[in-house]
Every structure is written in C-alpha cells, then in structure tokens.
Amino acid sequence: MKKVTSFLNKRLSPQAVVVLVIVLFPACWFAAYPCGMVMAQFDWARGNYHVHTRGLMREVQEYHQLLQQRYGVAGHLEPRCISSIFHEVYIAGYDSVMKARLNARFGKNIFDECHKEAEAACERAWQAEIDA
C-alpha cells in the first residue's frame, strides 16, 4: 500500500492534478458512475476510506461510529432532498468500488455487520425511551 501511495505522490505534480481535474470534470458530468469508480480507486490508493449513507440520523450516526472505530472507515451522510441524479449515480459508482474493496480487505461484509448492530442499538435506545 505504501508503494502505491508513494508512487502517486511522486508521479502526480500539482500541475498534473489540475490538468487531470480539468480533463475529468466534463467527462464526470456525462459519466458519473465511472467517475465515482475512478475516484474510489484513487481514494483507496491514498488510504482514504469512506462511504456514503442515507437514513435516519440516529441510526446513521451509530453506523458511522461503528465503522470508524472498528475499521477506520469514515461515513458521510448524504441528503436526498438536495441531491442531483448525477450525484446519486456518482455515489453509487464510488460505493460499489469502495465497499467491495473494504469487504475483501477485512474478509467479511463489514457494512452489514455494522448496520445490524447500529439498528439493534437504536432499537434498544428507542425501547428504553418508550419504557421510561
């Protein structure tokens, strides 16, 4: 992993990054899913692990906390109300790569595991509020 990161740091000058962004921006507009996949590969190579989620705020916070504590994966809550179709498709492409790579790295479906535990924790909290 360090070899890939050091290769990217040595090979990509700031000027190359600017040119890459200028060239990729129009392409990403028309090809959001592949662009999301490419950006996930880039983040993976740099060691930036994060995924995008939607859902009830309390449950998502618990889910993100579990992912971060156990696996070092940051979570980003994506609002649906202000999201464009291009953003939705980009996120789908990004998460398809990142989730597959992270599951392969840890040898199990870490997202299902954390989601089930977050749901259970929220259910216990809600039940405690009702019983109180």
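## R70 and its surroundings

R70 has a relative accessibility of 38%, so R70 counts as partly exposed, sitting between the 20% and 50% cut-offs. That value, like everything else here, comes from a predicted model.

Let's start with the charged side chains. Searching the whole structure turns up three salt bridges, and R70, K108, E113 and E117 are tied into a network by such bridges. Here are the pairs:

| Pair | N to O distance |
|---|---|
| E113 and R70 | 3.1 Å |
| R70 and E117 | 2.5 Å |
| E113 and K108 | 3.1 Å |

Take the R70 and E113 pair, joined by a salt bridge at 3.1 Å. It ties together distant parts of the chain, with E113 in helix 6 (residues 110-131) and R70 in helix 4 (residues 57-71), 43 residues apart. The R70 and E117 bridge, at 2.5 Å, does a similar job: R70 in helix 4 and E117 in helix 6 are 47 residues apart, and this pair also links distant parts of the chain.

How exposed are the partners of R70? E113 has 21% relative accessibility, just over the 20% limit for buried, so E113 counts as partly exposed. E117, at 33%, is partly exposed. K108, the bridge partner of E113, has a relative accessible area of 41% and is partly exposed too.

### How the two bridged helices meet

Helix 4 and helix 6 don't just share salt bridges. Their axes lie 8 Å apart, and the two helices pack at an angle of about 135°. That angle falls short of the 145 degrees beyond which a pair counts as roughly antiparallel, and it is above the 65 to 115 range for roughly perpendicular, so helix 4 and helix 6 are oblique to each other. Their crossing is right-handed.

Helix 3 and helix 5 make another helix pair. Their axes come within 7 Å and cross at roughly 40°. Because an angle has to be under 35 degrees to count as roughly parallel, helix 3 ends up oblique to helix 5. This crossing is right-handed as well. On the helix 3 side, the residues that meet helix 5 include A32, Y33, G36, M37, A40 and W44; on the helix 5 side, those that meet helix 3 include F86, V89, Y90, G93, V97, M98 and L102.

### The nonpolar core

M98 and L102 turn up again inside the protein. The largest nonpolar core has 17 residues, and V51, L67, V73, M98, L102, I110 and F111 are the ones with the most contacts within it. Helix 3 (32-46), helix 4, helix 5 (85-106) and helix 6 each give two or more residues to this core. As a general matter, nonpolar side chains tend to be buried together in soluble globular proteins.

What does V73 touch, apart from neighbours within four places in sequence? V73 is in contact with Y49, H50, V51, H64, L67, Q68, L102 and I110. Of these, V51, L67, L102 and I110 are also on the list of well-connected core residues.

H64 is worth a look from its own side. H64 lies in helix 4 and, with 13% relative accessibility, falls under the 20% cut-off, so H64 counts as buried. Not counting residues up to four places away in sequence, H64 touches T53, V73, G75, H76 and L77.

N48 sits in the loop between helix 3 and strand 1 (50-53). Is N48 buried or partly exposed? N48 comes out at 38% relative accessibility, which makes N48 partly exposed. N48 and V73 are 25 residues apart in sequence, and their C-alpha atoms are 8.1 Å apart in space. With residues up to four places away left out, N48 touches D43, Y94 and M98.

### The chain as a whole

Stepping back, the chain has six helices and two strands, running α-α-α-β-α-β-α-α from the N terminus on. There are 132 residues in the chain, and 29% of them count as buried. If you take contacts between residues at least 6 apart in sequence, 77% join residues at least 24 apart. The bridges from R70 to E113 and to E117 also link distant parts of the chain.

Key: Residues are numbered from 1 along each chain as its sequence is written. This is a predicted model: local features need pLDDT of at least 70, side-chain atom pairs count only at pLDDT 80 or more; totals for chains, interfaces and linings use all residues. Side-chain values use heavy atoms; hydrogens and water are left out. A salt bridge is a side-chain nitrogen of Lys or Arg within 4 Å of a carboxyl oxygen of Asp or Glu. Helices (H or I, at least four residues) and strands (E, at least two) are DSSP runs, numbered from the N terminus. Buried means under 20% relative accessible area, exposed over 50%, partly exposed in between (1.4 Å probe, protein chains only). A nonpolar core is a set of buried Ala, Val, Leu, Ile, Met, Phe, Trp, Tyr and Cys residues joined through side-chain atoms within 4.5 Å. Contact means heavy atoms within 4.5 Å. Axes are lines fitted to C-alpha atoms, for helices over the stretch in contact, and angles run from 0 to 180 degrees between N-to-C directions. A crossing is left-handed if the near helix is turned anticlockwise from the far one by less than a right angle, and right-handed if clockwise.
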